[in-house]
Amino acid sequence: MRRTVLRDGRPPELSVEELAVPEDLLRAGPGFLGAEDLLERVWGENADPCIDTVTVTIGRRRELGAPTAVTTTPEVGHRMADAPEVG
């Protein structure tokens, strides 16, 4: 399967993990995913046990410009901004 991401009509330079994080957050719907969940889902067995890996990858969203696509709630997790409510 081929995936294409555009921001302002141009493709941003994203690593496989930088693309997989929002993809997994979209699958989670309006729910939140914690850093540990994202480490397991995105990096799997190759995960660095440090959750800073997720923080750095999520922080890269700032380089994509405003508005940010991912919101972070301390001690809850991460989710897509303006994720629709399900149900």
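The exercises below work through the fold, core, hairpin and charged side chains of one protein chain.

The structure is a predicted model, in which local features need pLDDT of at least 70 and side-chain atom pairs count only at pLDDT 80 or more, while totals for chains, interfaces and linings use all residues. Residues are numbered from 1 along each chain as its sequence is written, and side-chain values use heavy atoms, with hydrogens and water left out.

**Exercise 1. The order of the elements**

Task: Determine how many helices and strands the protein chain has, and in what order they run from the N terminus.

Solution: Begin with the definition, by which helices (H or I, at least four residues) and strands (E, at least two) are DSSP runs numbered from the N terminus. On this basis the protein chain has three helices and two strands. Reading from the N terminus on, the elements run α-α-α-β-β.

Next, consider burial, where buried means under 20% relative accessible area, exposed over 50%, and partly exposed in between (1.4 Å probe, protein chains only). Of the 87 residues in the protein chain, 29% are buried.

**Exercise 2. The nonpolar core**

Task: Find which elements give two or more residues to the largest nonpolar core, and which residues have the most contacts inside it.

Solution: A nonpolar core is a set of buried Ala, Val, Leu, Ile, Met, Phe, Trp, Tyr and Cys residues joined through side-chain atoms within 4.5 Å. The largest one here has 13 residues, and those with the most contacts inside it are Val-21, Leu-25, Leu-38, Val-42, Trp-43, Val-54 and Ile-58. Two or more residues come from each of α1 (16-27), α2 (35-43) and α3 (52-59), and α2 gives the most, with five residues. As a general background, nonpolar side chains tend to be buried together in soluble globular proteins.

Now follow one member outwards, using contact in the sense of heavy atoms within 4.5 Å. Leaving aside its neighbours within four places in sequence, Ile-58 is in contact with Val-21, Leu-38, Val-70, Thr-72 and His-78. Ile-58 is also one of the buried residues of α3, which are Val-54, Thr-57, Ile-58 and Gly-59, and the cover over these includes α1, α2, β1 and β2.

**Exercise 3. The hairpin**

Task: Describe how strands β1 and β2 are joined, and which way the residues of β2 point.

Solution: Two strands pair if DSSP finds at least two bridges between them. Strand β1 (residues 70-73) and β2 run antiparallel and are joined by four bridges, and Thr-72 stands opposite His-78 in β2. Three residues lie between the strands of this hairpin, in which Glu-75 takes a positive phi near 65°. In strand β2 (residues 77-80), Gly-77 and Arg-79 point one way, whereas His-78 and Met-80 point the other way, and all are buried.

**Exercise 4. Two glutamates of helix α1**

Task: Decide whether Glu-18 is buried or exposed, and which residues Glu-17 contacts beyond its neighbours within four places in sequence.

Solution: Glu-18 is found in helix α1 and, with a relative accessible area of 17%, it is buried. A polar atom of the Glu-18 side chain lies 2.7 Å from the backbone nitrogen of Ser-15. When neighbours within four places in sequence are left aside, Glu-18 is in contact with Glu-13, Thr-57 and Arg-60.

Glu-17 also has its place in helix α1, but Glu-17 is partly exposed, with a relative accessible area of 28%. With neighbours within four places in sequence left aside, Glu-17 is in contact with Val-42, Trp-43 and Thr-57.

**Exercise 5. The salt bridges**

Task: Find how many salt bridges the whole structure holds, and which residues they join into one network.

Solution: A salt bridge is a side-chain nitrogen of Lys or Arg within 4 Å of a carboxyl oxygen of Asp or Glu. A search of the whole structure finds two of them. In one, Arg-27 meets Glu-23, with the closest N and O atoms 3.8 Å apart, and both residues lie in helix α1, four residues apart, about one turn of the helix. In the other, the side chains of Asp-24 and Arg-27 meet at 3.2 Å, N to O, and these residues are separated by about one helical turn because they are three residues apart in helix α1. Shared partners thus join Glu-23, Asp-24 and Arg-27 into one network of salt bridges.

Finally, compare burial within this network: Asp-24 is buried, with a relative accessible area of 10%, whereas Arg-27 is exposed, with 60%.

Conventions: Polar contact = N/O pair within 3.5 Å; in protein donor to acceptor, adjacent residues only side chain to side chain.
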